[in-house]
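Subject: The structure to look through

Hi there,

Here is the structure I promised to pass on. Have a look at it first, and then read my notes below.

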Amino acid sequence: MRTQTEPEPLWQNWARTARADPRLFAAPGSQEEVAQLVRAEAERGGQVRVAGAGHSFSPAAVSDGVLLQLDNLDELEWVGPPESDGSRLVRVGAGIRLRRLCRLLAQHGLALENMGDIDAQSVAGAISTGTHGTGAQLRGLADQVRAVRLVTATGQVLDADADQNRDLFEVARLGLGSVGVLTAVTLRGVPAFTLTADERPRPLGAVLEALDDDDGPVWGNDHFEFYWFPYTDIAFTKANNRAGDAPPLHPVRRFFDDEIVANGLFELTNLLCTAGRPFTRGANFVAARALSARRYSGSSAEVFTSPRRVRFREMEYAIPAEAVVPALLAVDSWLRRTREPVPFPIEVRFAAPDEVWLSTAQGRQTAYVAVHQYHRLAFARYFRAVEDIMRAHEGRPHWGKMHRRHAADLAPVYPQFEQAAQVRRAADPEGLFANDYTDRVLGPAAQR
């Protein structure tokens, strides 16, 4: 914990779980400037990392050498011709934020097929850490990437895709920036679509019982997730579908629900829990009951994302979909046994298998279990207990969130882990793009 006399760092992430005082914090205005900075730091034998938007909870961006901010590389570079299904390839600067990307795509009648619930991230940061949304038949953001352009450890600019530099492409699109600095990303955009959202509280037992049903909430909706409030039997469910005729959400209702209740009241219930453990059960019941049912429609980007103003720490694990119920029951048992003060709900989402080498959904139907803790409350014991439970179910931690895993115990749960490590060592033999975190989770760079 930082003391009051400790100076503010030059950079820190949104959650205040990672901080850095790099020798140089730079915001290059072009790909050429990125290459120059990389070459100069390589000659120094230093270190280059990219900060992104700072929404990773892990220390993935920390550097004591050069820390790059790519916000100036935020243009829509080109839009390709339509494919037979109406999709089109688009190339964007790697520093573009998802919010701006969605606006630019909409101008061309396009959208991202799937998104998480935050749109503040940079495209490079989101794909490099394995950001995903929810949908049992849909894949994460990295799977939507068709090509990348990156600056390598020698300062060379390379294009990579499934046909050229294929192995490099696999690690560049999801590999914590360990093989170079992304400067441009080519994504598949789909025809813009409207989503109808159905959000409502339901008994947790009924939700869990129906998860595996063919016509249940997971398989019966395009996108489904739920939030379970510990010490209650209440799950707040969210189902988003590309059909329906619900009216748009009234701006006053949106402000009340998203700002007053989901952020303002929720901040108060979390603060109450800092006063003492006995308040947790009642606070969670109030928070769960305050979220009322609503059904509305809107653009996909509008429905996918929500404002998140209450600061928290987060750990998320990907486990086989069939393991989600026993895993949650084990977490529930631990919480009731220890009475750990946890005022944040546990979030559960779903994803289809993909073939991205270091994707947390690689090769298996996946359920994501995310646990959060209010930033004023201790998190270590809670996260350790949940991590032990998830590891027992062959869990894979989210690369951009908090966890204690190491390369040695991550390798067995990723079929292409060693292949990715070989690509990294070949692309960056001196460890220019390495830091303590990448060395811990991917293995040490060759010369570090």
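At what angle do helix α6 and helix α7 pack, and how far apart are their axes? Please keep in mind that this is a predicted model. Helix α6 covers residues 251–274 and helix α7 covers residues 279–290; they pack at an angle of about 170°, and their axes are 9 Å apart. Angles over 145 degrees count as roughly antiparallel, and α6 and α7 are therefore roughly antiparallel to each other. On the α6 side, the contact is made by Val 261, Leu 265, Phe 266, Thr 269, Leu 272 and Cys 273. Helix α7 contributes Phe 279, Thr 280, Ala 283, Val 286, Ala 287 and Ala 290. Sorted by class, this contact has 10 nonpolar residues, 2 polar ones and no charged ones.

Next, the sheet. It is an open one formed by 8 strands, in the order β15-β12-β14-β13-β17-β18-β16-β19, with antiparallel pairing. At its edges stand β15 (294–299) and β19 (396–397); each has a single partner strand, so one side of each is left without a neighbour in the sheet.

Strand β18 (residues 366–374) is a good one to zoom in on. 9 of its 9 residues are buried, so β18 is largely enclosed by the rest of the structure. In a regular strand, side chains alternate between the two faces of the sheet. You can follow this in β18: Thr 366, Tyr 368, Ala 370, His 372 and Tyr 374 are buried on one side, while Ala 367, Val 369, Val 371 and Gln 373 are buried on the other.

Which strands pair with β18? One is β16 (residues 312–320), which runs antiparallel to β18 and is joined to it by 9 bridges; here Met 315 has Val 371 as its bridge partner. Another is β17 (residues 346–351), also antiparallel to β18, with 5 bridges; in this pair, Glu 347 is matched with Ala 370.

Finally, the nonpolar cores. The largest has 56 residues, and Leu 101, Leu 358 and Trp 399 touch the most other members. Helix α2 (residues 98–107) supplies the largest share of this core, 5 residues. A second, separate core has 53 residues, including Val 207, Tyr 227, Ile 319 and Val 371. Back in the largest core, try clicking on Leu 101: leaving aside neighbours within four places in sequence, Leu 101 is in contact with Val 92, Ile 96, Leu 112, Val 123 and Leu 187.

Happy exploring!

Terms used
Residues numbered from 1 in each chain as written. Predicted model: local features only at pLDDT ≥ 70, side-chain atom pairs only at ≥ 80, totals over all residues. Heavy atoms only, no water. Buried < 20%, exposed > 50% of the residue type's maximum accessible area, 1.4 Å probe, protein only. Helix = DSSP H or I, 4+ residues; strand = E, 2+ residues; numbered from the N terminus. Pairing = 2+ DSSP bridges. Core = buried A, V, L, I, M, F, W, Y, C linked by side-chain atoms within 4.5 Å. Contact = heavy atoms within 4.5 Å. Axes fitted to C-alpha atoms, helices over the stretch in contact; angles between N-to-C directions. Parallel < 35°, antiparallel > 145°, perpendicular 65-115°, else oblique. Nonpolar A, V, L, I, M, F, W, Y, C, P; charged D, E, K, R; others polar.
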